[in-house]
2 protein chains.
Amino acid sequence: MAVALRQKRTPIVELVSIGTELVQGERGDDNSPYLAKELAGVGLVCHRFTVVADLPLTPLVRAIREASQRSDLLILSGGLGPTDDDLTREAVAKALGRKLLFSPSLLEGIRKNFRRRGVFMPSINARQAYLPKRARAIPNPLGSAPGILLEHRKKILVVLPGVPKELRAMFQQTVRPYLKKRFPRATSLPSIRLRTTGLPESHVNARLEDLIQKENQLTFGFYAHGGIVDIKLMAQSSGKEAKESLRRTEREIRRRFGPFIFGKESDTLESVVFSLLKKRKKTISVGESCTGGALSTAFTRIPGSSDVFRMGVVAYGNDTKISVVRVPEALIRRHGAVSEPVAKSLAEQARRAGKTDFGLGVTGILGPAGGSRKKPVGLVHIALATPKKTHHQKCLFAGDRETIRVRVVRAALEMTRRALLR
Amino acid sequence: MAVALRQKRTPIVELVSIGTELVQGERGDDNSPYLAKELAGVGLVCHRFTVVADLPLTPLVRAIREASQRSDLLILSGGLGPTDDDLTREAVAKALGRKLLFSPSLLEGIRKNFRRRGVFMPSINARQAYLPKRARAIPNPLGSAPGILLEHRKKILVVLPGVPKELRAMFQQTVRPYLKKRFPRATSLPSIRLRTTGLPESHVNARLEDLIQKENQLTFGFYAHGGIVDIKLMAQSSGKEAKESLRRTEREIRRRFGPFIFGKESDTLESVVFSLLKKRKKTISVGESCTGGALSTAFTRIPGSSDVFRMGVVAYGNDTKISVVRVPEALIRRHGAVSEPVAKSLAEQARRAGKTDFGLGVTGILGPAGGSRKKPVGLVHIALATPKKTHHQKCLFAGDRETIRVRVVRAALEMTRRALLR
């Protein structure tokens, strides 16, 4: 079935996510960003995402029809479940003017799937055995809903279930290999993403204004999020000149920003700090208060983190700081729990208890309550104990509880990274 | 300006998020879910979200034009920044056929904003002082980009910056009050969301099939995510009969599912466990291994959590389990770190060290490495130490590292909730 398309222009790709809970804002659409990244990996660029409700059927049909008219490849997700509000099968059939046909072999497959899990198939799951005419089922290794793959007027339409792990498995197992055969000439234009922290977006842009004017082989993009500003350089062709321009510009940007660039492409501050610790054969422990476990989580989210991360203590309340982390009581009495000496003590005691090279200590006021004129919400003390000395940093962050938490974790990781660069 | 519209039908609302980083999947669109929820609060139902790139300009203009033709209220976000890839102002002007005009007073405002933050305005920010003809600026209390509000052929168009905290502040301060005046008759149809855990989606649906057939005043929706299945009941009118049907159905569903329903509306397992602990004046500590801080984070994410949560230890590696949490070394030697006795010891020692009523202990293998035939990836032991006894639960979860982590936290919280119900 997978005959390579001979296309002269870049294929237009669109994604449609279907679910009332999505347009009601009850759940974020994680599938479209995932698919967009994966498609970029096979040289297919997404142009638009649409999110639309299951019900009423008419606008859903309309959204599918419009998207399929605009695009060469359309991937729908969601609404393939067995329940009465799952209407994607019907909507696709209607949008393309095809009949829905019952497939006995598909039903047998669904039934087998249930049996394998030791569960009897509820009768409502029989709905999942219908396919639009001349469509092919995409096997679902993790759930009951098969996907749909069909070609319609030289266009490709793929339908996947909305459950992220099922969608991902099916994309990797069936859709990705199919698309690679179908679009063999799709090549992603070379691009580079450089990640900075510690500088405001408009300054990053302003310091590159001359390069933006000069390098006409490249498109520049700037993306700020949670204290991090990404510089994205996209070549406008895959020619030699564009690639050279990309390399030259990366070198120049690195020269201008130096240590403010912490990584490239999919690097995160966590992954960079982890790699630096691992390379230098160093270990770290955490004594955190206001971040409540988020700093330890940042370290342990990375597979293999046990090589560098030994221990974290979440010391909420002074009792715990004193009895578990062994912060001297007098220190808390004299300076208050949110203070430089207590942050330093948290870092040093974490380092001692975990028997590690480094210790990170964090104490602060995340709010909404607990602030005062002298110590307002957003005040945070961060300390890093190293074998030589204990560094300290006082910060004041704006925003709600969750925003401040993210910023504190970023600042603590950045402090560790800078120390490891020395 | 805010004259109430006399509308007979429900207004059609659409959202468009603009940003190349969004369609490339480099960042999720958090703004649309936020806006959808807030709009629902003033009785406005979102019908569709669109996500589109800043560049090229033509498809962006086309997406804005299409959405504005379909809707009565259109809210755009993103692309109002000062950098060269921020083109929303231009696109809106083009889509509606209006000129962009320079506003000296707007420039003065932007300049003042910078001065207040002690920063000199970079010249590129002058771009933010342009508005489409006959549009009004929406003040931005947190950043340099003003928003745009305009009326076009009896339709309303709002443009907000993509930075979430700026968008949120501007929505609350200006857009929300404006919409309430403009759509005074918008009333949200009554609905109820009941949250269950511990049951598969198709079973929840199947057990309500008779009610779905019978209650023709209601629409049912089922949403499964991370081990939680939500039942959403939506009234089809705001009449008395529909409300009565809603109440009756809620009672019946509660009767059928009993303790499997853990909450309602915006309740989360975390918030419910927090409330139960607080109501019963109980405190809790955590000793976690594989979850790496995520369990402590679940407790501390809630404002006021210090009333019930005292301490967490993230004991990665056996050393820490022994020296910091004081799990007996012999226990680990005999049973291995991932075992019932070690989970129980983690729970009991956390309870002791934190001097709390409860202690939660978690140990398991999250993968991708570290699994064996006897102890595969996904094997997790969870224990809850109470003043009377220590409960234990052995689980096997499927999925990647992050999926398993989320499931383990859910299971540990659910175990605590069930114990608190007794």
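Helices (H or I, at least four residues) and strands (E, at least two) are taken here as DSSP runs, numbered from the N terminus. The structure is a predicted model, in which local features need pLDDT of at least 70 and side-chain atom pairs count only at pLDDT 80 or more, whereas totals for chains, interfaces and linings use all residues; side-chain values use heavy atoms, with hydrogens and water left out. Residues are numbered from 1 along each chain as its sequence is written, and chains are lettered from A, with ligands numbered from 1, in the order in which they are written.

Within chain A, A:Pro368 is placed in the loop between strand S15 (358-364) and strand S16 (379-385), and the peptide bond that leads to A:Pro368 from A:Gly367 is cis, with omega near 0 degrees. In chain B, a cis peptide bond with omega of about 0 degrees joins B:Gly367 and B:Pro368, and B:Pro368 is likewise found in the loop between strand S15 (358-364) and strand S16 (379-385) of that chain. A positive phi, near 50 degrees, is computed for A:Glu265, a residue other than glycine, which sits in the loop between S12 and helix H10 (269-279) of chain A. Most residues other than glycine have a negative phi, and most peptide bonds are trans.

Superposition of chain B on chain A, by least squares on the C-alpha atoms of residues with pLDDT of at least 70 in both, is achieved by a rotation of 180 degrees with 0.1 Å of shift along its axis, the RMSD being 0.1 Å. The two copies are therefore related as by a two-fold rotation axis.

The contact between the chains (heavy atoms within 4.5 Å) draws 81 residues from chain B and 80 residues from chain A. Of the interface residues of chain B, 99% are also interface residues in chain A, so the copies meet through the same surface. Buried area, the accessible area (1.4 Å probe) that two parts lose on being put together, summed over both, comes to about 6400 Å² for chain B and chain A, with 54% of it on carbon and sulfur atoms. B:Arg48, B:Tyr223 and B:Tyr316 contribute 9% of the area that chain B buries against chain A, more than any other three residues. Strand S14 (residues 309-315) of chain A is joined by 5 bridges to strand S14 (residues 309-315) of chain B, the two running antiparallel, and A:Val314 stands opposite B:Gly312; strands are said to pair if DSSP finds at least two bridges between them.

Salt bridges (a side-chain nitrogen of Lys or Arg within 4 Å of a carboxyl oxygen of Asp or Glu) number 52 over all chains, and 8 are found across the interface of chain B and chain A. At this interface B:Glu66 forms a salt bridge with A:Arg70, with the closest N and O atoms 3.3 Å apart. Within chain A, the side chains of A:Glu250 and A:Lys264 meet in a salt bridge (3.1 Å, N to O); A:Glu250 lies in helix H9 (residues 240-257) and A:Lys264 in strand S12 (residues 261-264), so the pair ties together parts that are 14 residues apart in sequence.
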